[in-house]
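Thanks for sharing this one with me. Here are a few notes to read alongside the model.

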Amino acid sequence: MGALKKHWLFPAMVATVALALSLGSQGAWVREYHVITVGIFLAFFATGLALDMSHLKLRDLQLKAALAAVVSSLALVPLLAWALAYWFLPLELTIGVCIIATAPVSIVSGTVMTAIARGNIPLSVFICLLGNIVGIFTIPFSLQLLVGVAADIELPVFDMLLSLLATVLLPMALGVLTRPLLRSLLARHGAAFSVFQQCIVLLIMFNAFSGAGGRLVAAGGVLPAVLLLIVVLHSLILALNCGLSRLMRLDRASTSAFTIHTSQKTLTVSYVVWAGNFGAQYPLALIPGIVYHLTQMIMDTFVAERFRRRSPPLE
């Protein structure tokens, strides 16, 4: 029972997908009644509340490492992901790989994994903050560049940018500003905020799979290739970021923070981009993002434990 309570998200994801496929088009209510839109706004507000800025002391900021993380996550990783997907996947799924690859680093899970690894929490928070602010501005242009090579698609770049600012950056900023007023509430119910954010991920999955049964059956033969490509991609990204951290001669704690957090991507931002620009024409393009989310949760848990075993014991 304890293991189920700790790892409840994985069976919940399986149940969510099964429910969405069984309901078919009846599951469209999450879009029609804007449940998921409101949920995502609240999720990013909760994310802002969870960002503990007290970790960011000016003397401790490793600007070189944080800037390298931004370059890796928002430039090198998208190019690597596009190169793999372009040669091995059909257009719809290649677009999906590009969407998740251009997304900024994850917010909560990256810091949690860094803590498990006994990594440098201030560096992890700084990578998260800088990566998400810069990522909101780079996503539209990066996607236009990558998708434009794969197909003759013109994206509403500035409309996408405004949507990301309103849906992601605004509620997160409100959460950060509100955090001092809700400090006691966060101390008592911090775990509930984390559960709420995971429930939004479940809603995203429910929305993605609702009414997609026929298309999944038609694309069934290529789905194992998606899983294999994402596993290979995430492994290469982890190796890339670990190598970059060693080139910068980061200490062990900073190496674990850089390697783990810079390799993670946020599914929620990917959903916002997909739903607003690709969902109608390419409904399966969110599948690579969901697979990447699951892959990073599983693989990075083992990576974090490996860093933890190699770190000196806490005094």
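The points below cover a charged patch, a buried polar residue and two backbone angles.

1. Please keep in mind that this is a predicted model.

2. A good place to start is the surface, where Arg 246, Arg 252, Arg 306, Arg 309 and Arg 310 form a positive patch. The most is given by helix α15, residues 287-310, which supplies three residues.

3. Arg 310, one of the patch residues, sits in helix α15. Its relative accessible area is 48%, and since exposed would require over 50%, Arg 310 is classed as partly exposed.

4. Do have a look at Asn 241 in helix α12, which spans residues 223-247. Is Asn 241 buried or exposed? Its relative accessibility is 0%, so Asn 241 counts as buried. Beyond its neighbours within four places in sequence, Asn 241 is in contact with Ser 72, Phe 258, Thr 259, Thr 262 and Ser 263.

5. Now for the backbone. Most residues other than glycine have a negative phi. Arg 118, although not a glycine, has a positive phi of about 55°. Arg 118 belongs to the loop between α7 (108-116) and α8 (121-150), and with 26% relative accessibility it counts as partly exposed.

6. Arg 249 is also worth a look: it is not a glycine, yet its phi is positive, at about 55°. You will find Arg 249 in the loop between α12 and α13 (252-263). With a relative accessible area of 76%, Arg 249 is exposed.

Technical notes: Residues numbered from 1 in each chain as written. Predicted model: local features only at pLDDT ≥ 70, side-chain atom pairs only at ≥ 80, totals over all residues. Heavy atoms only, no water. Patch = residues over 30% accessible without salt bridge, like charges linked within 9 Å, V, L, I, M, F, W, Y side chains within 5 Å. Areas by Shrake-Rupley, 256 points an atom, 1.4 Å probe, with all protein chains shown as cover. Salt bridge = Lys/Arg side-chain N within 4 Å of Asp/Glu carboxyl O. Lys, Arg positive; Asp, Glu negative; His and termini not counted. Charge placed at Lys NZ, Arg CZ, Asp CG, Glu CD. Helix = DSSP H or I, 4+ residues; strand = E, 2+ residues; numbered from the N terminus. Buried < 20%, exposed > 50% of the residue type's maximum accessible area, 1.4 Å probe, protein only. Contact = heavy atoms within 4.5 Å.
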